[in-house]
Amino acid sequence: MATEVDTWSTNAPQADGMFSFDNNLAEANHPYSGDEDVNDAEVNGNWTPQEKALHEARLKAKAKRRLRKSSSRNSTSESFSESGDVVGGDPNSPKGKVNTNDRKSRTGKGRGLPKKGGAGGKGVWGAAGMVYEDEEPDVRDPNYDESAQGDTVYATVVPEVDERELEKMVNPIVQEYFEHGDTKEVQMLLKGLNLGPHKYEFSSLAVSLALEGKASHRELTSRLLSDLSGKLLSQSDMARAFDKMLKELPDLILDTPEAPQMLGQFIARAIADHILPMSFLDCYKGKVDCDHARVALDRAAVLLTMKREMMRLDNVWGVGGGLRPVKHLIKEMNLLLKEYLISGDVAEAEHCLRDLEVPHFHHELVYETIVMVLESKGDTASHMMIKLLKSFWKTGLITVDQMNRGFERVYNELPEISLDVPHAHSLMESFVDLCYKESVITKQLRDACPSRGRKRFVSEGDGGVIKT
């Protein structure tokens, strides 16, 4: 009996769904798929054909059970992974967590591809190659604004310049303008700035800088205000700027004592150029308490009432250095030298030469100085002119290039000068020697001075022998 029982337990086939203790133990020790068990059996070679058939039957039964479970559960039940393991049983285990962002099907059906071809879901642009068309705004949209519909226009917004930073931004523009004199460039730079209600202060700042500068700077400032009038600045802006300048005159006098007279000339020139209205001066009659402002307004009124033949307001500042005619510059330099011979004031002569603002034309002053020495009588003019040239040389007002050029011009024109001054060569030699002793000219320039040799013959009875 015992032998029959053992034979049945060993050879008899088991029913579906029934497992022996040994099989359960083997399944616990090998929790992987059946393919691995088969491989192990093939390697070990310990299974008989009956055991192999039994194992295949067990795998088929397990597959049927899994198929019944997957067909009976809903979308919220457990899901199987691709390897066939149960997922979602234990939420705390890594295998039990469900990836909510996974777009693959959780029903266990399908090929495991993304839903809608990757074109669905939140934050998705759509499938590859999809072309979007322009969509008309929906009238039923709560944010729909009928008046706001149309083409979108983007514009550059320039922040308004703060009043405290205005002077820092305007001063470099005006200083550069004094160098190049191009009003169009200034106009372009001002358009790039949002001056806002403070744009009138540009005129007052430009005039303040011109008061501290040269006459040519004041002329350039008057031209700049004339070009900006009507384009960037109106008459009311100009009037407001000059009104501010009149109120600030007590402070401007500290740096520029002649500020009232200069401001009066600015006002007269502005009225003549139609920058300010003709009634500008009438607004201040009997309403000015400041003495300096009264001087400026009186100066402007006098210039406007003078006859055009006596004073032309377009030349109220004179013509800037390089713009002056050559004949006018020569006349100014001759007048400068004659006044120096009378007064002997070297500082005043230096001041007048600087006011001419023609450093490229200083060789003309050297030329006129030498010619005046050759045409003068006595040694007084010679010594005074050497003193003047020495002062200009030490201060650097006349450069070595301008000094050499002036002397070389006289060297080249000595034959013509000698027609009016017979002893021009001898006088030139002595003057050049004195200049070299005072270190006004170089040795090379002294040696370049031409000299006219004289051949004196004795009487006819000497046989034409040259007297030494």
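**Talking through a predicted model**

The protein has 20 helices and two strands, where helices (H or I, at least four residues) and strands (E, at least two) are DSSP runs numbered from the N terminus. This is a predicted model, in which local features need pLDDT of at least 70, side-chain atom pairs count only at pLDDT 80 or more, and totals for chains, interfaces and linings use all residues. Residues are numbered from 1 along each chain as its sequence is written, and side-chain values use heavy atoms, leaving out hydrogens and water.

Colleague: Glad to have you here! What share of the residues in the protein is buried?

Modeller: Happy to help. Buried means under 20% relative accessible area, exposed over 50%, and partly exposed in between (1.4 Å probe, protein chains only). The protein has 468 residues, and the buried share is 31%.

Colleague: Is Thr256 buried or exposed?

Modeller: Thr256 sits in the loop between α10 (249-255) and α11 (259-272). Its relative accessible area is 10%, so Thr256 is buried.

Colleague: Which residues is Thr256 in contact with, leaving aside its neighbours within four places in sequence?

Modeller: Contact means heavy atoms within 4.5 Å. With those neighbours set aside, the partners of Thr256 are Leu211, Glu212 and Met262.

Colleague: Now Val302: what distance separates its C-alpha atom from that of Ala268?

Modeller: Val302 belongs to helix α12 (residues 291-305), and it counts as partly exposed because its relative accessibility is 43%. Val302 and Ala268 are 34 residues apart along the chain, and their C-alpha atoms are separated by 8.8 Å.

Colleague: Which residues form the nonpolar patch with Trp125 on the surface?

Modeller: Patches of this kind take residues with over 30% relative accessible area and no salt bridge, joining nonpolar side chains (Val, Leu, Ile, Met, Phe, Trp, Tyr) within 5 Å, while like charges are joined within 9 Å. A salt bridge is a side-chain nitrogen of Lys or Arg within 4 Å of a carboxyl oxygen of Asp or Glu. Trp125 lies in the loop between β2 and α5 and counts as exposed because its relative accessibility is 74%. The patch has about 450 Å² of accessible area together (Shrake-Rupley method, 1.4 Å probe), and the partners of Trp125 are Met130 and Tyr132.

Colleague: And which residues form the negative surface patch with Asp134?

Modeller: Asp134 lies in the loop between β2 (86-87) and α5 (163-180), and it counts as exposed because its relative accessibility is 79%. Asp and Glu count as negative, with the charge placed at CG of Asp or CD of Glu. The patch joins Asp134 with Glu133, Glu135 and Glu136.
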